[in-house]
Amino acid sequence: RADAILGKYRNLKELYPDRALFHISELSTFHHAKAQCACKVGDKKEASYHLSALEKALPASDSLLLEVQTAVNRLS
């Protein structure tokens, strides 16, 4: 269902073009959902893109980041 809602958007600026500032929880939830959708269909390139965004924004110990890292690493 997340992919049906967020499918065509790659970042929050595309989803909300009139906004310039986003809360870290919005950013992390968006990229987490997009990465998980990409992992589910086996799209490592797309999942890695969203993982990279999370790595730039979150501390290395963040649970969402660790979950996405694990999911991306499982893709071959």
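**Close-up 1. The salt bridge between R10 and E46.** In this predicted model, E46 counts as buried at 18% relative accessibility, a value that falls under the 20% limit for burial, whereas its salt-bridge partner R10 is partly exposed, with a relative accessible area of 32%. The closest N and O atoms of R10 and E46 are 3.1 Å apart. The pair links distant parts of the chain, since R10 lies in the loop between helix 1 (2-6) and helix 2 (12-15) while E46 belongs to helix 4 (residues 44-57), with the two positions 36 residues apart in the numbering. R10 also takes part in a second kind of contact, in which its charged end sits over the ring of Y49 at 3.6 Å from the ring centre.

**Close-up 2. The salt bridge between R19 and E26, with the ring of Y16.** A search of the whole structure finds 2 salt bridges, and one of them joins the side chains of E26 and R19, with an N to O distance of 3.0 Å. Both partners are partly exposed, E26 at 29% relative accessibility and R19 with a relative accessible area of 29%. The charged end of R19 sits in addition over the ring of Y16, 5.4 Å from its centre.

**Close-up 3. The aromatic pair of Y16 and F22.** The structure holds 1 aromatic pair, formed by the rings of Y16 and F22, whose centres are 6.3 Å apart. Because the ring planes stand at 45°, the pair is classed as tilted. Y16 counts as partly exposed at 39% relative accessibility, and F22 also counts as partly exposed, at 23%.

**Close-up 4. The cysteines C37 and C39.** No disulfide is shown here, as a search of the whole structure finds 0 disulfides. C37 is in no disulfide, and the nearest cysteine sulfur to its own, that of C39, is 9.4 Å away. Seen from C39, the closest cysteine sulfur is the one in C37, and the separation of 9.4 Å is too far for a bond, given that a disulfide requires sulfur atoms within 2.5 Å. C39 counts as buried, at 13% relative accessibility.

**Close-up 5. The largest nonpolar core.** This core has 12 residues in all, namely A35, A38, C39, A47, L51, L54, L58, L65, V68, A71, V72 and L75. The elements that give two or more residues to the core are helix 3 (24-40), helix 4 and helix 5 (63-74), and the largest share, 4 residues, comes from helix 5. Within this set, A47 touches A35, A38, C39, V72 and L75, when residues up to four places away in sequence are not counted. A second, separate core of 5 residues includes L6, Y9, F30 and A33.

**Close-up 6. S48 of helix 4 and V72.** S48 is found in helix 4, and with a relative accessible area of 30% this serine is partly exposed. The C-alpha atoms of S48 and V72 are separated by 6.7 Å, although the two residues are 24 residues apart along the chain. V72 is one of the residues that make up the largest nonpolar core, and A47 is among the residues of that core as well, with V72 included in the contacts of A47.

How values were computed
Residues numbered from 1 in each chain as written. Predicted model: local features only at pLDDT ≥ 70, side-chain atom pairs only at ≥ 80, totals over all residues. Heavy atoms only, no water. Salt bridge = Lys/Arg side-chain N within 4 Å of Asp/Glu carboxyl O. Buried < 20%, exposed > 50% of the residue type's maximum accessible area, 1.4 Å probe, protein only. Core = buried A, V, L, I, M, F, W, Y, C linked by side-chain atoms within 4.5 Å. Contact = heavy atoms within 4.5 Å. Phe/Tyr/Trp six-rings, centres within 6.5 Å; stacked < 30°, edge-to-face > 60°. Lys NZ or Arg CZ within 6 Å of the ring centre and 35° of its normal.
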